[in-house]
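Take a moment with the sequence and the 3D view. Then follow the chain step by step.

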Amino acid sequence: MMMMMEEGEKSKSKMVGFGDEGGSNSNYVLKPMRMNSEDILICVDVDPQCLVEMKATSSTNGRPITRLDSIKQAIILFVNAKLTINPDHRFAFATLSTSVSWLRKEFSSEIESTIAAMRGLSASSSSGQSDLTNLFRLAAHEAKKSRTQGRILRVILFYCRSSMQPQHQWPLNHKLFTLDVIYLHDKPGPDNCPQLVYDTLVEALEHVSEYEGYIFESGQGLVRIVYRHVLILLSHPQQRCIQDNIDIPKSLTKKAPQVEPMATDDSVPVSRQ
């Protein structure tokens, strides 16, 4: 199943001296820009589908690893790496069932706060269509507070439902934060529609994101793919290329050596006496 988002290019640099009247050089100039520290709201879908088992070896206690288990570990990995890059980033946590609820409301730069939040994260017993409207309202409210402190807000949504498209109502051009999505889903079948769900998530991302938002999906059930996607999200929204231009991580597959074409009669040089 081919899933990829297409978005317009957002250029933040310029060429100086090319085609300008009086330009005396052709130096490439990158406009200076301050990178704001981030407030990152991580929202986890706790629908019962988050308990689907991953294709991985059992955990240390012998229990199968679920989507929720892999998400928890990926979040701890992400927060730890992000704080290593810049200890001024802050994190808060919420859950998504039919609507959104706070898991840990106060934004914190302490890894212990993240670990405690993950310990308190559990699946919901009820299922239904999710509404992202309240998540966006909550994020917009927090984004305004972040801006007063010279920070920017990002939402990272982990979504796990294959049969129910999320819904939302949000004004056009009301972009106060950036939305990233990691979508873990089942294979297409009579009872689910992951492509339609994905398309809805793409539309929501493009609708609300202030900077370049990324969306990644996987129906393979592999923990390492979840980690890979999360590590790409370490990229700062103000420094991103468009998603279509991402070429990381590099493939480890050994490329076949290029074979030089054999010389033909037409290409054999002829000496002249």
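How many helices and strands does the protein have? This is a predicted model, and in it the protein has five helices and eight strands. Read from the N terminus, the elements run β-β-β-α-β-β-α-α-β-β-α-β-α. Of the 273 residues in the protein, 46% are buried. Now look at the contacts between residues at least 6 apart in sequence. Of these, 75% join residues at least 24 apart.

Start with the sheet. Six strands form it, and the sheet is open. Their order is β5-β4-β3-β6-β7-β8, with mixed pairing. Which strands stand at the edges? They are β5, residues 100-108, and β8, residues 215-218. Each has a single partner strand, so one side of each is left without a neighbour in the sheet. Neighbouring strands of the sheet are turned against each other by 15 degrees on average, direction ignored.

Next, go strand by strand. β3 covers residues 38-45, and β4 covers residues 90-96. The two run parallel and are joined by seven bridges. One bridge takes D45 to its partner L96 in β4. β3 also pairs with β6, again in the parallel sense, over seven bridges. There, E38 stands opposite I152 in β6. β6 in turn pairs with β7 in the parallel sense, over six bridges. Here the bridge partner of R154 is T178 in β7.

Stay with β6. Are its residues mostly covered or uncovered? The strand is mostly covered, with eight of its eight residues buried. In a regular strand the side chains alternate between the two faces of the sheet. In β6, I152, R154, I156 and F158 lie on one side. L153, V155, L157 and Y159 lie on the other. Both faces of β6 are covered, and these residues are all buried.

Now turn to the helices that lie across the strands. Helix α1, residues 67-85, lies across β3, β4, β6 and β7. α1 runs at about 175 degrees to β3. Helix α2, residues 111-119, lies across β4 and β5. α2 runs at about 165 degrees to β5.

Helix α1 has a helix partner as well. Two packed helices are described by the angle between their axes and the distance between the axes. What are these values for α1 and helix α5, residues 223-232? The angle is about 35 degrees, and the axes are 10 Å apart. The crossing of α1 past α5 is right-handed. From α1, the residues S70, Q73, A74, L77 and F78 take part. They meet V223, V226, Y227, V230 and L231 in α5. Sorted by type, the residues of this contact are eight nonpolar, two polar and no charged.

Return to the sheet for one residue, L96 in strand β4. Is L96 buried or exposed? L96 counts as buried, because its relative accessibility is 0%. Leave out residues up to four places away in sequence, and L96 still touches many others, including C43, V44, D45, S130, L132, L157 and Y159. D131 is also among the residues that L96 touches. L96 and D131 are 35 residues apart in sequence, and their C-alpha atoms are 8.5 Å apart in space.

For a contrast, find N173 in the loop between β6 and β7. Most residues other than glycine have a negative phi. N173 is not a glycine, yet its phi is positive, about 60 degrees. N173 is exposed, with a relative accessible area of 72%.

Last, check the cysteines. How many disulfides are there? The count comes to zero. Why does C160 form no such bond? A disulfide needs two cysteine sulfur atoms within 2.5 Å. The closest cysteine sulfur to that of C160 is in C50, and because it is 5.7 Å away, it is too far for a bond. C160 counts as buried, at 0% relative accessibility. C241 is partly exposed, with a relative accessible area of 35%.

Terms used: Residues numbered from 1 in each chain as written. Predicted model: local features only at pLDDT ≥ 70, side-chain atom pairs only at ≥ 80, totals over all residues. Heavy atoms only, no water. Buried < 20%, exposed > 50% of the residue type's maximum accessible area, 1.4 Å probe, protein only. Pairing = 2+ DSSP bridges. Helix = DSSP H or I, 4+ residues; strand = E, 2+ residues; numbered from the N terminus. Axes fitted to C-alpha atoms, helices over the stretch in contact; angles between N-to-C directions. Contact = heavy atoms within 4.5 Å. Left-handed = near helix turned anticlockwise from the far one by under 90°. Nonpolar A, V, L, I, M, F, W, Y, C, P; charged D, E, K, R; others polar.
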